[in-house]
Amino acid sequence: MTVGLACGVDVGGTKIAAGVVAADGSVLEELRVESPARDADALEDATGGLVGDLASRHEIVCVGIGAAGYVDRHRAQILSAPNLAWRDLDLKAEIEKRVDLPVVVENDANAAAWGEFTFGAGRDDVLRLWDGARARSPRRRRGELAPRG
């Protein structure tokens, strides 16, 4: 079975970052733009624009979007975002319309923890504590707390 490329997007209050990621976790290309955090439509346009730009150069088969705030259990709607203008927004549907690819929406801290667990330093064990825009990440190795560094 061949697994295609994914596009991961981090939507924040100051920036929107997107990257093309292969099945082994390698990042093939990254883009970043300033976040229009207070304008819901401009946020959707910027997010869709980054994905579309990357999709014009790579054979992307799916999109994952991480954003701060409450995401519904179907991983589709942003119910409330503390630093973005999104409220009760079916982000999955809005971005799928713009890019014609399947989309999954996840809380950004959950997405970051999953990435670390799957491809990063947390492959053995991971504990992620999130404090706004800064990660606080004590790590565990073989059951013991390990210093970062």
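Which residues of H1 are buried? Let's start there today, and keep in mind that we're looking at a predicted model. The buried residues of H1 are Leu43, Glu44, Ala46, Thr47, Gly48, Leu50, Val51 and Leu54. And what do they pack against? Quite a list: the strands S1 (5–11), S2 (15–21), S3 (27–34), S4 (60–67) and S7 (87–89), plus helix H2 (91–99).

Okay, let's stay with H1 for a moment. This helix covers residues 40–55, which is 16 residues. We can do a quick check on the helix: at 1.5 Å a residue, H1 should span 22 Å, and the C-alpha atoms at its ends are 23 Å apart, so the two values agree. Now look at the N-terminal end of H1, where Asp39 acts as a cap. A side-chain oxygen of Asp39 lies 3.2 Å from the backbone nitrogen of Asp41.

Next up, the sheet. In what order do the strands of the open sheet come? Reading across, you get S3-S2-S1-S4-S8, so to speak five names in a row, and the pairing of these 5 strands is mixed. At the edges sit S3 and S8 (103–107), each of which pairs on one side only. If you ignore direction, neighbouring strands in this sheet are turned against each other by 15° on average.

Let's zoom in on one pair in that sheet. S1 and S4 run in the parallel sense, and their pairing covers 7 bridges. If you want a spot to click on, try Val9, which stands opposite Ile65 in S4.

So how do the helices sit on this? H1 packs on the sheet and touches S1, S2, S3 and S4. The direction of H1 makes about 25° with that of S2. H2, meanwhile, lies across S4 and S8, and runs at about 140° to S8.

Right, on to charges. How many salt bridges does a search of the whole structure find? The search turns up 9. I'll walk you through a few of them.

Take Arg98 and Asp45: they form a salt bridge, and their closest N and O atoms are 2.9 Å apart. Arg98 lies in helix H2 while Asp45 lies in helix H1, so this pair ties together parts that are 53 residues apart in sequence. Are these two buried or exposed? Arg98 has a relative accessibility of 35%, so it counts as partly exposed. Asp45 is partly exposed too, with a relative accessible area of 46%.

Arg98 has another partner, by the way. Glu94 also forms a salt bridge with Arg98, with 3.4 Å between the closest N and O atoms. Both residues are in helix H2, and because they are 4 residues apart, about one helical turn separates them. Glu94 has a relative accessible area of 21%, which makes this residue partly exposed. Put the shared partners together and you get one network of salt bridges, joining Glu44, Asp45, Glu94, Lys97 and Arg98. Remember Glu44 from the start? That's one of the buried residues of H1.

One last pair, and then I'm done. The side chains of Lys92 and Glu96 meet in a salt bridge at 2.8 Å, N to O. Lys92 and Glu96 both lie in helix H2, 4 residues apart, about one turn of the helix. Lys92 comes out as partly exposed at 26% relative accessibility, and Glu96 is partly exposed with a relative accessible area of 25%.

That's my tour, thanks for listening!

Technical notes
Residues are numbered from 1 along each chain as its sequence is written. This is a predicted model: local features need pLDDT of at least 70, side-chain atom pairs count only at pLDDT 80 or more; totals for chains, interfaces and linings use all residues. Side-chain values use heavy atoms; hydrogens and water are left out. The expected span of a helix is 1.5 Å times one less than its number of residues. Buried means under 20% relative accessible area, exposed over 50%, partly exposed in between (1.4 Å probe, protein chains only). Contact means heavy atoms within 4.5 Å. A polar contact is a pair of N or O atoms within 3.5 Å; within protein, one must be able to donate a hydrogen and the other to accept it, and residues adjacent in sequence count only if both atoms are side-chain atoms. Two strands pair if DSSP finds at least two bridges between them. Axes are lines fitted to C-alpha atoms, for helices over the stretch in contact, and angles run from 0 to 180 degrees between N-to-C directions. A salt bridge is a side-chain nitrogen of Lys or Arg within 4 Å of a carboxyl oxygen of Asp or Glu.
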